[in-house]
Amino acid sequence: LSARGQGEFSVYPDKAIIHFAVVVVREDALTAAKESAAIFEDIVSRLQDLDVDRESIVTTRFAVFENKDRQPPRMEEVLIGYSSNHGFKVEISEFKSIGIIVNAVLSAGSTNVQNITFVSSELARAQQLALADAAKAAHQQAMTMASAVGGKLGRLLQMDSERYSYDVSDTLGGGAVSVPLTIVPEQIVARMQVSAKWEYLPEGE
């Protein structure tokens with residue numbers, strides 16, 4: 001007899017991860033790279049003035065690449081300059097500082113706020129509690145089915161679990177020029193699913 005159960009458990013986030021990018025376009029690659037590096041260093045300095053730890057400011061991407069455009073009359077690709085893209089993230093635990101930090105980074109020269117992701121150090125515990133609820137739900141479902149046809153459950157033959165959904169609280173995408181000083185994240189929901197098989201025993205066995 002097979003049954004499937006689902007469980008979920010919610011936790012409040014305790015960390016915000018803000019993803020930014022600095023994009024500089026210039027005629028030569030070296031100038032683009034130097035200017036984006038200078039902007040990033042200024043951003044780091046401003047964040048440290050706001051009591052953000054240097055270890056919480058991490059580069060996630062750095063690339064310098066050609067910019068090409070198709071020019072008439074033959075519409076052939078022509079080199080028109082270079083772009084430097086410096087992506088980085090800032091991790092903070094004081095949510096009331098999010099707006100201040102985002103506005104400070106944008107005013108220092110960041111050209112893009114990609115998104116803000118909220119995470120929780122309690123996620124593993126939430127998954128375990130959701131898993132326990134899913135197992136109980138599968139067991140209850142199986143007992144109900146067995147009883148409905150005049151039998152009962154025997155030995156557990158197989159049980160498998162999987163995470164079928166995990167809601168991460170995200171907000172703020174795109175090239176915002178300013179954000180409100182207060183951002184309140186939603187809860188993070190961990191959802192687990194359990195599939196199991198039992199022996200079916202007729203009543204009296």
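This passage walks through the fold, the aromatic pairs, the strand pairing and a few backbone oddities of one protein chain.

The model is a predicted one. It has three helices and eight strands, and from the N terminus on the elements go β-β-α-β-β-α-β-α-β-β-β. The overall dimensions are worth a look before the details. The radius of gyration comes out at 26 Å, where a compact globule of 205 residues would sit near 17 Å. Along the principal axes, the C-alpha atoms take up a box of roughly 85 × 50 × 25 Å. Of the 205 residues, 35% are buried. The accessible surface is about 11,700 Å², and carbon and sulfur atoms hold 50% of that surface. As for the contacts, among those with a separation of 6 or more, 82% are between residues 24 or more positions apart.

Next, the aromatic residues. Three aromatic pairs turn up in the structure. In one of them, the ring centres of Phe40 and Phe88 are 5.2 Å apart and the planes meet at 65°, so this pair counts as edge-to-face. Since the cut-off for that class is over 60 degrees, the angle of 65° qualifies. Phe40 belongs to helix 1 (residues 29-49) and Phe88 to strand 4 (residues 76-92), so the pair ties together parts of the chain that are 48 residues apart in sequence. Phe40 and Phe88 are both buried. Phe20 joins these two, and Phe20, Phe40 and Phe88 make up one aromatic cluster.

Phe95 and Phe118 also form an edge-to-face pair, with 5.2 Å from centre to centre and 80° between the planes. Here the link is between the loop that runs from strand 4 to helix 2 (98-107), where Phe95 is found, and strand 5 (residues 112-119), which holds Phe118; the two are 23 residues apart. Both Phe95 and Phe118 are buried, too.

Strand 2 (residues 15-26) pairs with strand 5 in the antiparallel sense, over seven bridges. Within that pairing, Phe20 stands opposite Val113 of strand 5. Strand 2 also runs antiparallel to strand 4, and eleven bridges join the two. One residue match here is Val22, whose bridge partner in strand 4 is His86. Strand 4 is thus tied in twice, since the strand pairs with strand 2 and its Phe88 meets Phe40 of helix 1. In a regular strand, side chains alternate between the two faces of the sheet.

Helix 1 has another residue to point out. Leu30 is in helix 1, and with a relative accessible area of 54% this leucine is exposed, the cut-off for that label being over 50%. In sequence, Leu30 and Ser83 are 53 residues apart, but their C-alpha atoms are 9.9 Å apart in space.

Helix 3 (residues 123-148) is up next. At 1.5 Å a residue, its 26 residues should span 38 Å, and the end C-alpha atoms are 37 Å apart, which agrees. The buried residues of helix 3 are Leu123, Ala126, Gln127, Ala130, Ala134, Ala138, Ala142 and Ala146. An α-helix has 3.6 residues a turn, so residues three or four places apart point the same way. The spacing in that list can be read with this in mind, for instance along Ala130, Ala134, Ala138, Ala142 and Ala146. After helix 3 comes Gly150, with a positive phi near 80°.

Finally, there are some backbone exceptions. Most residues other than glycine have a negative phi, and most peptide bonds are trans. Going from Pro72 to Pro73, however, the peptide bond is cis, with omega near 10°. Pro73 is in the loop between strand 3 (57-71) and strand 4. That loop between strand 3 and strand 4 also holds Met75, which has a positive phi of about 55° although it is not a glycine. Met75 is partly exposed, at a relative accessible area of 42%. Asp51 likewise has a positive phi, near 70°, without being a glycine. The residue is in the loop between helix 1 and strand 3, and Asp51 is exposed, with 70% relative accessible area.

How values were computed
Residues are numbered from 1 along each chain as its sequence is written. Side-chain values use heavy atoms; hydrogens and water are left out. Rings of Phe, Tyr and Trp (its six-membered ring) pair if their centres lie within 6.5 Å; planes under 30 degrees apart count as stacked, over 60 as edge-to-face and the rest as tilted. Helices (H or I, at least four residues) and strands (E, at least two) are DSSP runs, numbered from the N terminus. Buried means under 20% relative accessible area, exposed over 50%, partly exposed in between (1.4 Å probe, protein chains only). Two strands pair if DSSP finds at least two bridges between them. The radius of gyration is taken over C-alpha atoms; the globule rule is 2.2 Å times the number of residues to the power 0.38. Contact means heavy atoms within 4.5 Å. Accessible areas come from the Shrake-Rupley method with a 1.4 Å probe; for residues, only the protein chains shown count as cover. The expected span of a helix is 1.5 Å times one less than its number of residues.
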